[in-house]
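This briefing introduces a single protein chain to a reader who has not met it before. It begins with the chain as a whole and then turns to individual residues.

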Amino acid sequence: MSGPDNIDEYISGFPVEIQEILTTIREIVRQEAPQAEERIRYRMPTFYLHGNLVHFAAFKNHIGIYPTPAGIEEFAEELSPYRTSKGAIQFPLNRPIPFGLIRKIVAFRVKQNLAGANLRD
């Protein structure tokens, strides 16, 4: 069973209300990381900027965001109302998606990845 070839194909496989959420998250990442490459990794939309920046995915009851452990640790207090693990955040679909918080997490991850790239240069 093969997955989607690109992010457009991934998003189009969901009901309209989920497509709107996924499209908004995609636009947030594009705004915060316009130079990032869009990819599909682990069958999920992925943005790559000097390494994995962030993955996101839709599930039956939540939207998953995967910003690496550092992206979760940095915002632990703001993420306390949500289910998290070492590398994942679950935003339940029965509550408003915190797009502002997602934007802050992505901006943080961009700074991290760019700083890491500068150290390697």
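What percentage of the 121 residues of the chain count as buried? In this predicted model, the share is 42%. The secondary structure comprises five helices and six strands, and the points below place selected residues within these elements.

**Overall architecture**

- Read from the N terminus, the elements follow the order α-α-β-β-β-β-α-α-β-β-α.
- The chain is as compact as a globular protein of its length, because its radius of gyration of 14 Å is close to the 14 Å that the globule rule gives for 121 residues.
- Along the principal axes, the C-alpha atoms occupy a box of roughly 45 × 35 × 25 Å.
- Among contacts in the chain with a separation of 6 or more, 50% are between residues 24 or more positions apart.

**Surface and charge**

- The exposed area of the chain is about 6900 Å², of which carbon and sulfur atoms supply 51%.
- There are 14 positive and 14 negative side chains in the chain, and 5 Å separates the centres of the two sets.

**Loop residues with positive phi**

- Arginine 43 belongs to the loop between strand E1 (37-41) and strand E2 (44-48).
- The phi angle of arginine 43 is near 65 degrees, a positive value in a residue other than glycine.
- With a relative accessible area of 43%, arginine 43 is partly exposed.
- Histidine 50 occupies the loop between E2 and strand E3 (52-58).
- For histidine 50, phi is near 55 degrees, which is likewise a positive value in a residue other than glycine.
- Histidine 50 has a relative accessible area of 45% and is partly exposed.

**Asparagine 113 in helix H5**

- Asparagine 113 is part of helix H5, which covers residues 99-120.
- Is asparagine 113 buried or exposed? Its relative accessibility is 9%, so asparagine 113 counts as buried, the cut-off being under 20%.
- A polar atom of the asparagine 113 side chain lies 2.9 Å from the backbone oxygen of leucine 49.
- Residues up to four places away in sequence aside, asparagine 113 touches Leu49, His50, Gly51, Asn52 and Leu53. Histidine 50, one of these residues, is the loop residue described above.

**Glutamine 31 in helix H2**

- Glutamine 31 lies in helix H2, which covers residues 16-32.
- Its relative accessibility is 49%, and glutamine 31 therefore counts as partly exposed, since exposed means over 50%.
- Which side chain forms a polar contact of 2.8 Å with the side chain of glutamine 31? The partner is arginine 103.
- Glutamine 31 and valine 106 are 75 residues apart along the chain, and their C-alpha atoms are separated by 9.7 Å.

**Isoleucine 21 in helix H2**

- Isoleucine 21 is also found in helix H2.
- At 16% relative accessibility, isoleucine 21 is counted as buried.
- The C-alpha atoms of isoleucine 21 and isoleucine 63 are 8.6 Å apart in space, while the two residues are 42 residues apart in sequence.
- Apart from neighbours within four places in sequence, isoleucine 21 has contacts with Ile63, Leu93, Ile97 and Phe99.

**Alanine 57 and histidine 62 in strands E3 and E4**

- Alanine 57 is located in strand E3, and histidine 62 is located in strand E4 (residues 62-66).
- Alanine 57 is buried, with a relative accessible area of 1%.
- Histidine 62 is buried too, with a relative accessible area of 15%.
- Neighbours within four places in sequence excluded, alanine 57 is in contact with Tyr10, Leu22, Met44, His62, Ile63, Gly64 and Tyr66. Ile63, one of these contacts, also appears among the contacts of isoleucine 21.
- With the same exclusion, histidine 62 is in contact with Ala57, Gln90, Phe91, Pro92 and Leu93. Leu93, included here, is a contact of isoleucine 21 as well.
- A distance of 9.9 Å separates the C-alpha atoms of alanine 57 and isoleucine 25, which are 32 residues apart along the chain.

Note on methods:
Residues numbered from 1 in each chain as written. Predicted model: local features only at pLDDT ≥ 70, side-chain atom pairs only at ≥ 80, totals over all residues. Heavy atoms only, no water. Helix = DSSP H or I, 4+ residues; strand = E, 2+ residues; numbered from the N terminus. Rg over C-alpha atoms; globule rule 2.2 N^0.38 Å. Buried < 20%, exposed > 50% of the residue type's maximum accessible area, 1.4 Å probe, protein only. Contact = heavy atoms within 4.5 Å. Areas by Shrake-Rupley, 256 points an atom, 1.4 Å probe, with all protein chains shown as cover. Lys, Arg positive; Asp, Glu negative; His and termini not counted. Charge placed at Lys NZ, Arg CZ, Asp CG, Glu CD. Polar contact = N/O pair within 3.5 Å; in protein donor to acceptor, adjacent residues only side chain to side chain.
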